[in-house]
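Biologist: Before I rely on the terms used for this structure, I should like to see each one justified. Please show it first.

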Amino acid sequence: MNRLIVLAGPSGVGKGTVVRALRDRHPEVWLSVSATTRDPRPGEVEGKHYFFVSDDEFSRMIDEGELLEWATVFGGHRYGTPRGAVDSQLADGVPCILEIDLQGARQVRESMPEALQVFIAPPSFEVLVDRLVGRGTEDERERERRLATAKDELAAQDEFDEVIVNDNVIDAAGALERLLLPSR
Ligand code: 5GP
């Protein structure tokens with residue numbers, strides 16, 4: 001059974017929305033909370049959306065081996081997965097999702113090859129642009145940066161065990177559910 005899913009896909013593709021839809025139906029699914037050096041967006045809650053840490057604290061976490069993987073994403077901000085929480089959830093048999101970027105997914109592919117690697121793809125690049133513009137959380141420069149990264153990420157989707165095209169949230173969440181909770 002796939003107890004650990006690594007979920008990657010370009011910024012704006014709707015990873016967060018798909019995971020929320022799955023967890024609405026299955027609250028027992030655990031989503032890893034990453035550490036990041038970026039600032040919180042309006043409405044983001046410490047410990048729920050991210051652990052917002054300083055550069056020094058992030059470096060300390062790397063040095064102490066506290067991160068399962070980490071990467072520098074979009075112009076300098078670092079993001080990483082705290083290892084301890086993942087280990088203890090897996091030990092308890094809880095189905096887990098790591099929502100991380102391509103670089104992080106590659107690291108976990110090496111360190112935890114038993115994890116199922118799932119890529120969420122947009123129906124088209126144009127749809128991705130529309131979604132990123134529509135959500136309005138980034139300025140134009142940041143958006144351009146994310147779209148450039150998105151092109152690289154889309155080119156890497158064949159590396160993944162499964163690709164889910166996010167045409168609509170219900171279907172995409174259903175596909176994820178079948179991968180993570182196959183016996184239900
Ligand atoms: P955002 O700033 O929009 O919340 O996230 C930006 C990117 O960072 C997303 O592509 C997201 O998947 C990635 N990300 C979030 N947490 C982690 C993490 O713990 N590790 C890695 N490698 N990437 C992450």
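Modeller: The exchange below sets some of its features against their definitions.

Modeller: This is a predicted model, in which local features need pLDDT of at least 70 and side-chain atom pairs count only at pLDDT 80 or more, while totals for chains, interfaces and linings use all residues. Residues are numbered from 1 along each chain as its sequence is written, and side-chain values use heavy atoms, without hydrogens and water.

Biologist: Why is Ser34 called buried?

Modeller: Buried means under 20% relative accessible area, exposed over 50%, and partly exposed in between (1.4 Å probe, protein chains only). Ser34 has 9% relative accessibility, and therefore counts as buried.

Biologist: With which residues is Ser34 in contact, leaving aside neighbours within four places in sequence?

Modeller: They are Tyr50, Phe51, Gly80 and Pro82, where contact means heavy atoms within 4.5 Å.

Biologist: What makes β1 and β8 a pair?

Modeller: Pairing requires that DSSP find at least two bridges between two strands. Strands β1 (residues 4-8) and β8 (residues 116-121) have four bridges in the parallel sense, so they pair.

Biologist: Why do β2 and β9 count as edges of the sheet?

Modeller: The order of the five strands in this open sheet is β2-β7-β1-β8-β9. Both β2 (30-31) and β9 (162-165) have a single partner strand, so one side of each lacks a neighbour in the sheet.

Biologist: How is the packing of α1 and α7 described?

Modeller: The angle between α1 (residues 15-25) and α7 is about 65°, and their axes are 8 Å apart.

Definitions and conventions. Helices (H or I, at least four residues) and strands (E, at least two) are DSSP runs, numbered from the N terminus. Axes are lines fitted to C-alpha atoms, for helices over the stretch in contact, and angles run from 0 to 180 degrees between N-to-C directions.
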